[in-house]
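Work through the exercises below with the coordinates open. Try each task before you read its solution.

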Amino acid sequence: MNVSLSVWLLTVAGLCVLIAADFFIGRKPHDVSIREAGIWTAVWVVLACLFGVGLILVGGGGPGGEFFAGYITEKSLSVDNLFVFVLIMAKFAVPSQYQQRVLMVGVLVALVLRAAFIAAGAAIISAFSWVFYIFGAFLIWTAWKLIQDARKGGTADKHEEYEENKLLKSIERRFGVADRYHGTKLWVEENGRRVMTPMLVVMLAIGFTDILFALDSIPAIYGLTQDPYIVFTANAFALMGLRQLYFLIGGLLKKLVHLSYGLSVILGFIGVKLVLHALHESGVHVPEISIPFSLGFIVLVLAITTATSLWAAKRQEQE
């Protein structure tokens with residue numbers, strides 16, 4: 001798509017309005033009910049679908065199909081990321097009424113980081129077409145690692161405990177951390193010294209964790225489309241509903257025991273697609289995988305994974 005600067009600015013402005021509205025609605029700390037989470041999850045999904053339909057009307061089936069394939073892929077990867085978010089919340093004992101604020105800020109940090117990764121990826125791809133080989137190989141390796149992790153205990157048990165990375169630990173040592181939460185405050189005075197609150201620490205933990213998530217999600221979506229506008233908007237819509245999705249399916253996460261297998265198949269498929277595309281760009285006559293086939297394959301894998309996960313969880317409960 002030939003997207004003008006004005007369209008980019010309007011899109012970013014529109015997303016900022018949506019984020020501001022979401023922040024205004026959830027500005028008061030409170031426990032999020034299933035009903036509230038369900039309504040807002042549906043709102044974000046509908047908005048994403050409307051945007052995708054708009055792309056189809058303006059740019060045709062190609063860009064629209066790429067958006068939906070990218071959005072579904074990023075959404076499914078974000079569900080897997082929720083497992084880590086649950087562990088982070090437990091590690092820092094975040095009070096339930098403050099969890100939505102943590103996730104809201106985490107999503108904002110994730111959007112900024114993803115935008116930087118997307119811009120870097122677009123620049124690299126435009127300069128070096130061989131980078132598709134690297135992206136493809138990385139996704140195939142990631143798919144294999146997911147399978148290995150899943151075989152060790154399933155999706156629900158693959159992250160037994162969240163461990164703070166060295167960077168986060170060094171920041172904590174440098175600035176100090178208060179011994180308790182102080183509402184939504186990020187900094188407080190303690191013994192004559194300005195220190196971080198646990199609220200800021202957990203926000204940083206989620207932000208740093210998203211850097212790792214972006215390492216597989218950005219190459220994955222670039223395997224479905226090389227259009228930076230579609231890559232950015234698909235990521236934005238997938239992330240902006242993440243906070244509500246956390247509260248909606250938090251109790252169901254442990255039942256998605258086969259999610260890692262499904263994601264490994266999807267990432268492996270996209271990795272192969274990237275390698276084929278790289279070979280095609282190099283002048284080798286190989287078949288390329290179309291977007292309609294990719295979209296159908298991704299949806300089918302997720303449907304089968306969800307169905308088998310729920311069936312396995314039900315059998316386990318009956319035993």
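The exercises that follow use a predicted model.

**Exercise 1. The salt bridge**

Task: Find the partner of Arg-114 in a salt bridge, and place both residues in the fold.

Solution:
- Step 1. Count first. The structure holds one salt bridge.
- Step 2. Identify the pair. Arg-114 is bridged to Glu-74, with the closest N and O atoms 3.6 Å apart.
- Step 3. Apply the cut-off. The pair qualifies because the limit is 4 Å between a side-chain nitrogen of Lys or Arg and a carboxyl oxygen of Asp or Glu.
- Step 4. Place the ends. Arg-114 sits in helix α4, and Glu-74 in helix α3 (residues 61-91). They are 40 residues apart, so the pair links distant parts of the chain.
- Step 5. Check the exposure. Both Arg-114 and Glu-74 are buried.

**Exercise 2. Leu-239 and its contacts**

Task: Decide whether Leu-239 is buried or exposed, and list what it touches beyond its sequence neighbours.

Solution:
- Step 1. Locate the residue. Leu-239 belongs to helix α8 (residues 228-240).
- Step 2. Classify it. Leu-239 counts as buried because its relative accessibility is 4%, and the cut-off for buried is under 20%.
- Step 3. List contacts. Outside four places in sequence, Leu-239 meets Val-107, Ala-110, Leu-111 and Arg-114. Arg-114 is also the salt-bridge partner of Glu-74.
- Step 4. Compare sequence with space. Leu-239 and Gly-106 are 133 residues apart along the chain, yet their C-alpha atoms are separated by 9.8 Å.

**Exercise 3. Ile-298 in helix α11**

Task: Describe the surroundings of Ile-298.

Solution:
- Step 1. Locate the residue. Ile-298 lies in helix α11, residues 291-318.
- Step 2. Read the accessibility. Ile-298 has a relative accessible area of 0%, so it is buried.
- Step 3. List contacts. Not counting residues up to four places away, Ile-298 touches Ala-69, Ile-72, Thr-73, Leu-224 and Ile-266.
- Step 4. Take a long-range distance. From Ile-298 to Leu-103 the C-alpha distance is 27 Å, at a sequence separation of 195 residues.

**Exercise 4. The second largest pocket**

Task: Which element gives the largest share of the lining of the second largest pocket?

Solution:
- Step 1. Size it. The second largest pocket has a volume of about 440 Å³.
- Step 2. Find its centre. There are 17 lining residues, and the closest to the centre are Ser-76, Val-79, Ile-249, Leu-256 and Thr-306.
- Step 3. Assign elements. Two or more lining residues come from each of α2 (34-59), α3, α9 (242-249) and α11.
- Step 4. Pick the leader. The largest share, five residues, comes from α3.

Key
Residues are numbered from 1 along each chain as its sequence is written. This is a predicted model: local features need pLDDT of at least 70, side-chain atom pairs count only at pLDDT 80 or more; totals for chains, interfaces and linings use all residues. Side-chain values use heavy atoms; hydrogens and water are left out. Helices (H or I, at least four residues) and strands (E, at least two) are DSSP runs, numbered from the N terminus. Buried means under 20% relative accessible area, exposed over 50%, partly exposed in between (1.4 Å probe, protein chains only). Contact means heavy atoms within 4.5 Å. On a 1 Å grid over the protein atoms alone, a cavity is a set of points where a 1.4 Å probe fits but cannot get out, and a pocket is an open set with protein on both sides within 12 Å along at least five of seven lines; lining residues have an atom within 4 Å of a point. Grid points are joined across faces, edges and corners, and a volume is the space filled by probe spheres set on the points.
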